[in-house]
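Here are a few exercises to work through at your own pace. Keep the sequence and the model open beside you, and try each task before reading its solution.

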Amino acid sequence: MAPTSTSKISLPCGSRRRRLVLKPTQQGALHALFQQNPYPGIATRERLARELDIPESRIQVWFQNQRTRQLRQSRLGSAKSQGQGPTHGQEQPPSWTQEHFTKDGRRKRTSISPSQTSILLQAFEKNRFPSIATREHLASLTGLPESRIQVWFQNRRARHPGQSRSGPVKDMEAHPKPSPYVTVPVEPGLLARVPGVSSFDTHFFVPHPKGNTSSNMSALA
DNA sequence: CCACTAACCTATTCACCCG
DNA sequence: CGGGTGAATAGGTTAGTGG
């Protein structure tokens, strides 16, 4: 069935954006700037984006990941000589805080109109975890950048959990943690709201055929 | 096969406006 | 002041790249 589709495209998972492969020159530039300032403001990120020809959102993600990598390694390195932190006064004078605090720390707040909110809201009710294709479609529908849409969904999920109908009590999904993304069984009819999305987005994420052992540590009080 | 890491996620906090 | 919400942080998970 469905011989036409997925003949050999290998179905790139569709949910995630295609992984970017950074060229050595790009990596070098990013690492260099990271040393100077691990918390670049929006202006710096956008300048880098132009100079390296990488989307600003990818630059932001790279810095996020890089900070985690460095902190992790930092911690690992210090752990070995944990007996007596030699330079344990790691209160490094934050020179970069200056840049961070001065002015363009943050991107200017994006204003989202009621009509745009309405579109996003409808999509949210259908699928709280939109694929990259859906996000881009919503971007074209609303005229908002895709990265802002991704953030909008993150914020929305965080502040509107479960969202059961006027039911104060929780639903069955008391733990969104262990069960990654079991997207609710969407009604096909309801889905036909956003064109282009409904077609293949009906089967979005497959939860995780993997070992669900993943992470059940937090529970088990 | 497996290390590395981009992409994605949650949880929490900051920032800013507005009634 | 507190509620609403966009943007940032730390840090963990998923999955593609490439040795």
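**Exercise 1. Describe how helix 5 passes helix 7, and find the residues that make the contact.**

*Solution.* Keep in mind that this is a predicted model. Start with the handedness: the crossing of helix 5 with helix 7 is right-handed. Next, look at the axes of helix 5 (residues 114-126) and helix 7 (residues 146-159), which come within 11 Å and cross at roughly 60°. Helix 5 is therefore oblique to helix 7. Now pick out the side that helix 5 brings to the contact: Leu120, Leu121, Ala123 and Phe124. Helix 7 answers with Ile149, Trp152, Phe153, Arg156 and Arg157. Finally, sort the residues by class: seven are nonpolar, none is polar and two are charged.

**Exercise 2. Work out what surrounds DNA strand B, and which residues are closest.**

*Solution.* Begin with the count: 22 residues surround DNA strand B. The closest are Arg17, Arg19, Arg69, Arg106 and Arg157. On the DNA side, sugar and phosphate make up 69% of the strand B atoms that come within 4 Å of the protein. By class, the protein surface near strand B has 12 charged, seven nonpolar and three polar residues.

Then check individual side chains for polar pairs. An N or O atom in the side chain of Arg16 is 3.1 Å from a base nitrogen of strand B. For Arg19, the partner is a base oxygen of strand B, at 3.0 Å. Gln150 has a side-chain N or O atom 3.4 Å from a phosphate oxygen of strand B. To finish, ask about elements: helix 3 (56-80) and helix 7 each give two or more residues to the surface near strand B.

**Exercise 3. Repeat the analysis for DNA strand C, and find which element gives the largest share of the surface near it.**

*Solution.* Around DNA strand C there are 26 residues, of which Arg16, Tyr39, Arg107, Thr110 and Arg159 come nearest. Sugar and phosphate account for 65% of the strand C atoms within 4 Å of the protein.

Now go to the bases. Arg16 places a polar side-chain atom 2.8 Å from a base oxygen of strand C, and Arg109 has one 3.1 Å from a base oxygen of strand C. In the side chain of Arg159, an N or O atom is 2.4 Å from a base nitrogen of strand C. Helix 3 and helix 7 are the elements that give two or more residues here. Helix 3 has the largest share, with six residues. The class tally for the surface near strand C is 11 charged, eight polar and seven nonpolar residues.

Note on methods. Residues are numbered from 1 along each chain as its sequence is written. Chains are lettered from A and ligands numbered from 1 in the order in which they are written. This is a predicted model: local features need pLDDT of at least 70, side-chain atom pairs count only at pLDDT 80 or more; totals for chains, interfaces and linings use all residues. Side-chain values use heavy atoms; hydrogens and water are left out. Axes are lines fitted to C-alpha atoms, for helices over the stretch in contact, and angles run from 0 to 180 degrees between N-to-C directions. Helices (H or I, at least four residues) and strands (E, at least two) are DSSP runs, numbered from the N terminus. Angles under 35 degrees count as roughly parallel, over 145 as roughly antiparallel, 65 to 115 as roughly perpendicular and the rest as oblique. A crossing is left-handed if the near helix is turned anticlockwise from the far one by less than a right angle, and right-handed if clockwise. Contact means heavy atoms within 4.5 Å. Ala, Val, Leu, Ile, Met, Phe, Trp, Tyr, Cys and Pro count as nonpolar, Asp, Glu, Lys and Arg as charged, and the others, Gly among them, as polar. A residue is near a molecule or strand if one of its heavy atoms lies within 4 Å of it. A polar contact is a pair of N or O atoms within 3.5 Å; within protein, one must be able to donate a hydrogen and the other to accept it, and residues adjacent in sequence count only if both atoms are side-chain atoms.
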